[in-house]
Amino acid sequence: METKIFKLLPNETKHFAIAEAAEILKSGGLVAFPTETVYGLGGLATDSDAAGKIYAAKGRPSDNPLIIHIAVPEDAERYAYTNELYYKLAKAFMPGPLTVILKRKDTVPKAVTGGLDTVAVRCPSHPIARALIKRAGDAIAAPSANLSGSPSPTSGGHVIADLSGRIDAIIDGGECDIGLESTIVMIEGDGVTLLRPGAITADALECICENVKIAPAVTEALSENEKPLSPGMKYRHYAPKAPLVLLEGDDEPVLSYMYRCQNAERCVIICYSEETEYLRNERVIDIGARGDLEAQAKNLFSALRKADEMNGEIVYAHLPPKEGMGLALYNRLIRAAAHTVLKV
Ligand code: TXA
Ligand code: MG
């Protein structure tokens, strides 16, 4: 299949490409588009055939449900049973990088929700995403626009590398602002359980509702036979070609460990900007300044893609803190490392 590629600036919401992409969606096709978190691979949320095509294009297991993307928070009514807490969360965080799990209405076919009676709803803030949803006139079901097993795409180039030839069109809107997927919460009574951490942090959620639980699978490995709260938790999200080892310890011993490794092994080192001058190895990747968790989040997935391209025998990175935005970085890295942490 030939994939149409449209290059747009993030605010070019009147571009003819949006109308053309919306027509592709309405006729059952697939379009990848930018959001503020990562790129999504979209099909109409009410079209079960489109859902089948999404799973096929990504090579994704069909029991791992899709998030549906809406233009305004109230549009959730068409697809799900909302409640008071949903609107409290929506008022605080939507449009933006928050996904809420709600009870599904029959307008959303089970093919989209992996057979579940719940549906994940998100109202993205990216102008192109919002314009596309509005123009399509229906919610857009969209997982991250990567091949199953590679890191989520944070640039048009990543999507082109993974999905060109497999889908109808790609809207390349440049780099994503946040770079990690949305925060996912499940509403339970007057509280929420955090299923996937993202840019809306646990602390931010606590400002809106007192009772915020963090699902154990966010930081720990699922035990065998344990049923995950979110099907995605049971899949290894991304497995680097070379084993990834996370280094835990104070800055100085970690840096000297990296320094020694670069001389002894064919390793890739993902480090802070301040450390690059000490690591004169050709396989060093700068993930951002030490204290700048937002920059590190933005760079993480492209760093992991680069690490794969460098063909090292082993990859080292810092173990992120579990606080604030750090929890989202920790969650992605600990899974990519299959929980391999080395204390130095
Ligand atoms: O930022 C994002 O959320 C991006 C952009 C494109 O919006 N999308 C994204 O989708 O990351 P995906 O499919 O890669 O991840 C969706 C996650 C999966 O782990 C899935 O298991 C979980 O959401 N999920 C979807 N529906 C669910 C449901 N009904 N109950 C529990 N978890 C659900
Ligand atoms: Mg994904």
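A residue is called buried when its relative accessible area is under 20%, exposed when it is over 50%, and partly exposed in between, with a 1.4 Å probe and protein chains only. By this definition Glu36 is buried, at a relative accessible area of 5%.

This is a predicted model, in which local features need pLDDT of at least 70 and side-chain atom pairs count only at pLDDT 80 or more, while totals for chains, interfaces and linings use all residues. Residues are numbered from 1 along each chain as its sequence is written, chains are lettered from A and ligands numbered from 1 in the order in which they are written, and side-chain values use heavy atoms, with hydrogens and water left out.

**Salt bridges**

A salt bridge is a side-chain nitrogen of Lys or Arg within 4 Å of a carboxyl oxygen of Asp or Glu. The whole structure contains twelve of them, including those tabulated here.

| Pair | Closest N to O |
|---|---|
| Arg122 and Glu36 | 2.9 Å |
| Asp117 and Arg104 | 3.4 Å |
| Glu282 and Arg283 | 3.6 Å |

Helices (H or I, at least four residues) and strands (E, at least two) are DSSP runs, numbered from the N terminus. Arg122 forms a salt bridge with Glu36, and this pair links distant parts of the chain, 86 residues apart: Arg122 is in strand β7 (residues 118-122) and Glu36 in the loop between β2 (31-33) and β3 (40-44). Arg122 is buried, at 2% relative accessibility.

Asp117 and Arg104 also meet through their side chains. Asp117 lies in the loop between β6 (98-104) and β7, and Arg104 in strand β6, so the pair ties together parts that are 13 residues apart in sequence. Asp117 is partly exposed at 44%, whereas Arg104 is buried at 12%.

In the pair of Glu282 and Arg283, Glu282 is exposed at 66% and Arg283 is buried at 11%. Elsewhere, salt bridges with shared partners join Arg104, Asp106, Lys110 and Asp117 into one network.

**Helix α8**

Helix α8 (residues 293-309) has 17 residues, which at 1.5 Å a residue should span 24 Å, and its end C-alpha atoms are indeed 24 Å apart. The expected span is 1.5 Å times one less than the number of residues. At Leu300, α8 bends by about 45°, the bend being the angle between axes fitted to the seven residues ending there and the seven starting there.

Among the buried residues of α8 are Leu293, Leu300, Phe301 and Leu304. Their cover includes α5 (156-163), β13 (244-248), β16 (314-318) and α9 (326-336). After α8 comes Asn311, with a positive phi near 55°.

Conventions:
Contact = heavy atoms within 4.5 Å.
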